[in-house]
Amino acid sequence: MKTRLVDKTFVFGGKNLDDIYKEIQEVYFSNNYPWIIGYSGGKDSTATLQLVWEALERVPRIKLNKPIYVLSSDTLVEIPKVVNYVDKSIELINKAAKEKGVPIQAIKVVPEISDTFWVNLIGRGYPAPTNEFRWCTDRLKIDPTNKFVIETANKYGEVIVVLGVRKAESINRERTINEHKIEDSRLSRHTTLPGAFIYAPIEDWSVDEVWDYLINFESPWGGNNRELFEMYKQANAGECPVIVELKEGSESQSCGNSRFGCWICTVVKNEKSLSALIESGETWLKPLQEFRKLLVETQDPEKKHIYRDYKRRDGNIYFLKHKEKKGIKELGRGPYKFKYRKIFLEKLLLAEKRIREESGYDINLISQDELIEIQRIWKLEEGDWENSVHKIYEKVYRKSLDIPKEDIGIFSAEDRALIEEIAKEEDIDPKLVVKLLNTYQYSRNLSRKSSLLKKLERILNEEWRTEEEILNEVSR
Ligand code: SF4
């Protein structure tokens with residue numbers, strides 16, 4: 001361990017604690033811009049918040065006249081144990097800040113409903129994320145935090161984002177920190193957000209120093225750093241950091257490798273923290289592991305054709321280029337087939353039910369708002385006029401879902417059955433009829449008739465041949 005005791009003063013990252021507090025105070029008073037401290041509940045962000053808190057508690061309260069936001073981002077697919085820990089911490093931080101009169105306010109941001117993991121995967125059929133198609137990091141992590149940073153910067157002119165990033169984490173991290181440093185300043189420019197600057201008080205600390213600090217100095221908001229240490233030990237974990245400062249192509253992309261990332265993450269080949277938590281006795285988390293395995297299975301190249309549609313979401317098809325080069329015509333795959341999305345929803349709700357029964361906690365794996373949004377998308381895009389979300393929920397929980405059934409669409413399950421029957425007689429895809437009717441219904445009030453006609457024309461121009469018909473034609 002690098003930490004040394006010097007005249008009863010701890011030294012971290014080559015500086016003694018008093019000097020670190022002084023530096024934080026200097027940066028705080030060097031301008032009027034508010035601070036946003038990225039807080040994931042992990043060791044680095046906890047140490048950073050604790051340092052800032054301690055530094056500012058040493059200043060007369062009257063001088064503390066700019067706000068400090070402690071920003072925590074919940075992807076809504078975090079490991080429930082971690083969510084509980086962070087939620088409890090946020091409560092403690094806000095309570096202690098009020099009691100001690102420090103201008104600190106802890107806030108949690110979540111993805112927009114239309115951007116959540118389940119709305120995209122189950123609702124729209126986005127395939128489980130991979131390194132090549134990682135649609136989740138921006139939507140779940142970067143956008144919600146960036147939105148808060150931008151709004152705060154717009155309100156106050158500029159903003160300082162305080163992060164628990166450390167050069168020792170990786171060479172990439174060190175390069176990013178160094179690259180954007182402002183000369184003769186402790187601040188760096190934010191790589192993507194104008195009006196935002198980065199301050200990293202523990203940038204020169206080692207991991208041992210972070211733990212030394214946390215174990216030797218009590219949390220000023222009444223948190224339990226030993227509990228945090230135990231959680232890391234139990235989960236054999238790192239954490240998914242608050243990644244507001246990194247640019248595309250850098251480590252913001254590697255969030256999936258963080259062991260306290262989303263429990264569902266299929267970007268990492270071997271998830272570690274969930275397994276480690278289960279092995280250490282948290283067996284109630286098993287349904288999460290099983291559900292994740294189900295999604296991993298859909299990524300098997302040999303099985304993609306089973307789970308995924310032969311058309312893209314825009315209704316068109318494409319052939320795999322690398323296969324075409326070898327003279328093979330193989331259709332590229334689009335979203336998950338509707339049939340499997342319904343199965344995923346049922347299995348997810350079953351996992352939720354089991355977790356509730358086994359843990360005794362009232363844990364939501366998917367929210368009511370997400371269920372409403374999924375039902376809306378299914379009705380609109382899949383012609384799901386029979387309200388499948390309700391049916392699936394009732395099947396799993398044996399009670400009705402408390403969300404409106406008929407707030408969208410005038411068509412019913414009977415209408416759908418009738419269309420299926422007529423379409424079969426006429427040898428056309430019933431989905432084409434459903435899509436035309438849905439589009440007409442939602443667009444008929446458009447002021448310009450030509451817009452409606454264009455929409456209908458676009459639908460007619462989508463690929464409406466079956467997969468078999470296409471393959472027969474290309475093989476002729
Ligand atoms: S942890 Fe995995 S699933 Fe979650 S945002 Fe990062 S890459 Fe996506």
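**Strand 7 and its neighbours**

Author: In this predicted model, Ile37 stands opposite Val162 in strand 7.

Reader: Which strand pairs with strand 7 there, and in what sense, parallel or antiparallel?

Author: Strand 4, residues 35-38, pairs with strand 7 in the parallel sense, and three bridges join them.

Reader: And what about strand 9, how many bridges does it form with strand 7?

Author: Four bridges link strand 7 to strand 9, which covers residues 196-199, and this pairing is parallel too. Within strand 9, Ala196 is the bridge partner of Val159.

Reader: Which way do the side chains of strand 7 point, and are they buried or exposed?

Author: Strand 7 spans residues 159-162. Val159 and Val161 point one way, Ile160 and Val162 point the other way, and all of them are buried.

Reader: Why would side chains be split between two directions?

Author: Because side chains in a regular strand alternate between the two faces of the sheet.

Reader: Turning to the whole chain, how many helices and strands are there?

Author: The chain contains 19 helices and nine strands. Of its 476 residues, 37% count as buried.

Reader: What share of the contacts comes from residues 24 or more positions apart?

Author: Among contacts with a separation of 6 or more, such pairs account for 69%.

Reader: Where do the domains lie, and what distance separates their centres?

Author: Domain 1 runs over 5-257 and domain 2 over 410-476. Their centres, taken over C-alpha atoms, are separated by 49 Å. Along the principal axes, the C-alpha atoms of the chain fill a box of roughly 90 × 50 × 50 Å.

Terms used
Residues numbered from 1 in each chain as written. Predicted model: local features only at pLDDT ≥ 70, side-chain atom pairs only at ≥ 80, totals over all residues. Buried ≥ 20, exposed ≤ 12 C-beta atoms within 10 Å, placed from the backbone. Helix = DSSP H or I, 4+ residues; strand = E, 2+ residues; numbered from the N terminus. Pairing = 2+ DSSP bridges. Domains from an automatic or database assignment. Contact = placed C-beta atoms within 7 Å.
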